[in-house]
Amino acid sequence: AAVAAEDGNFYRHEGLDFWGMLRALVVNLRDGRFSQGGSTITQQVVRNFFLTRDKTLRRKMEELFLARKLERHLNKREILLLYLNQIYFGHGNYGISEAARFYLGKSVGDLTVADAALLVSHLPSPENYNPKTDPEGAQRRRDRVLGRMLEHEFITRERYTHALSQPFGLQTAA
């Protein structure tokens with residue numbers, strides 16, 4: 001779910017997705033501001049562990065260099081585990097385990113495909129895309145992630161259809 005939502009080409013690139021960066025550049029130029037980052041999961045790991053979130057050309061160049069270096073020293077599974085265990089999910093929750101407990105009252109091992117899609121669907125802006133305060137929007141975003149999972153062939157059409165039919169039961173107490 002995270003790969004489909006955040007970096008569909010994760011398993012096909014070596015830390016940098018040049019087409020994704022070009023797409024983000026075009027959108028940013030069109031919008032006249034930094035509205036998209038075009039960063040891969042590897043670049044996000046590098047930024048979160050080693051760099052600042054400053055939107056400067058220097059920081060972006062360092063990120064590009066370090067992402068390539070990280071890809072030479074860790075395999076994709078290790079990079080993805082770093083990402084999933086340190087990414088911010090909102091409300092003071094870092095990592096997929098904390099997010100699963102906070103939002104769904106489940107352990108990671110008990111998550112369904114639909115649950116995983118729901119959790120990662122609000123990563124672009126965890127405080128704004130909160131499934132607890134906007135359940136209808138959360139379902140739309142979850143369904144979009146499920147569509148990307150199908151598109152990238154991470155799930156079958158049958159699992160996609162089943163996941164779409166699943167309601168999500170958010171934990172009410174924090």
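Which residues in H3 meet which residues in H5? On the H3 side they are Ile41, Thr42, Gln44, Val45, Asn48 and Phe49, and on the H5 side Ile79, Leu80, Leu82, Tyr83 and Gln86. By class, the residues of this contact divide into seven nonpolar, four polar and no charged. The structure is a predicted model, and every value below is computed from it.

**Helix H3 and its two partners**

Helix H3 covers residues 41-50 and helix H5 covers residues 76-86. Their axes lie 9 Å apart, and the two helices pack at an angle of about 55°. An angle of that size falls outside the range of 65 to 115 degrees for roughly perpendicular pairs, and H3 is therefore oblique to H5. The crossing of H3 past H5 is left-handed.

H3 also packs against H4, a helix that spans 57-73. Here the axes come within 8 Å and cross at roughly 110°, so H3 and H4 are roughly perpendicular to each other. H3 passes H4 in a right-handed crossing. From H3 the contact takes Thr42, Gln43, Val45, Val46, Arg47 and Phe50. From H4 it takes Arg59, Lys60, Glu63, Leu64, Leu66, Ala67, Leu70 and Glu71. This contact has seven nonpolar, two polar and five charged residues, whereas that of H3 with H5 has no charged residues. Thr42 and Val45 of H3 appear in the contact with H5 and again in the contact with H4.

**Helix H6 against helix H7**

Helix H6 (residues 96-104) and helix H7 (residues 113-121) have axes that come within 11 Å and cross at roughly 105°. That angle makes H6 roughly perpendicular to H7. H6 brings Ile96, Ala99, Ala100, Tyr103 and Leu104 to the contact, and H7 brings Asp115, Leu118 and Leu119. Sorted by class, the contact has seven nonpolar residues, no polar residues and one charged residue.

Which residues of H6 are buried? They are Ile96, Ala99, Ala100, Phe102, Tyr103 and Leu104. The cover over these buried residues includes H5 and H7. Just after H6, Gly105 takes a positive phi of about 65°.

**The nonpolar core**

In soluble globular proteins, nonpolar side chains tend to be buried together. In this model the largest nonpolar core holds 41 residues. Which of its members touch the most other members? They are Ile41, Tyr83, Phe89, Leu119, Leu146 and Met149. At least two residues of this core come from each of H1 (2-6), H3, H4, H5, H6, H7, H8 (135-151) and H9 (157-165).

Several of these core residues also take part in the helix contacts described above. Ile41 of H3 and Tyr83 of H5 belong to the contact between those helices, and Leu119 belongs to the contact of H6 with H7. Leaving aside neighbours within four places in sequence, Tyr83 is in contact with Ala2, Glu6, Ile41, Gln44, Val45 and Leu123. Ile41, Gln44 and Val45 in that list are H3 residues that meet H5.

**Positions with accessible surface**

Four residues with computed relative accessible areas are listed here by location.

| Residue | Location | Relative accessible area | Class |
|---|---|---|---|
| His91 | loop between H5 and H6 | 39% | partly exposed |
| Glu151 | helix H8 | 55% | exposed |
| Glu153 | loop between H8 and H9 | 71% | exposed |
| Thr161 | helix H9 | 45% | partly exposed |

The two loop residues in the table also have backbone angles to note. Phi of His91 is near 55°, a positive value in a residue other than glycine. Glu153 is not a glycine either, and its phi is positive at about 60°.

For the two helix residues, C-alpha separations give a sense of placement. Glu151 and Leu119 are 32 residues apart along the chain, and their C-alpha atoms are separated by 19 Å. Leu119 is one of the core residues that touch the most other members, while Glu151 is exposed because its relative accessible area of 55% is over the 50% cut-off. Thr161 and Arg77 are 84 residues apart along the chain, with 27 Å between their C-alpha atoms. Thr161 counts as partly exposed because its 45% lies between the 20% and 50% cut-offs.

Key: Residues numbered from 1 in each chain as written. Predicted model: local features only at pLDDT ≥ 70, side-chain atom pairs only at ≥ 80, totals over all residues. Heavy atoms only, no water. Axes fitted to C-alpha atoms, helices over the stretch in contact; angles between N-to-C directions. Helix = DSSP H or I, 4+ residues; strand = E, 2+ residues; numbered from the N terminus. Parallel < 35°, antiparallel > 145°, perpendicular 65-115°, else oblique. Contact = heavy atoms within 4.5 Å. Nonpolar A, V, L, I, M, F, W, Y, C, P; charged D, E, K, R; others polar. Left-handed = near helix turned anticlockwise from the far one by under 90°. Core = buried A, V, L, I, M, F, W, Y, C linked by side-chain atoms within 4.5 Å. Buried < 20%, exposed > 50% of the residue type's maximum accessible area, 1.4 Å probe, protein only.
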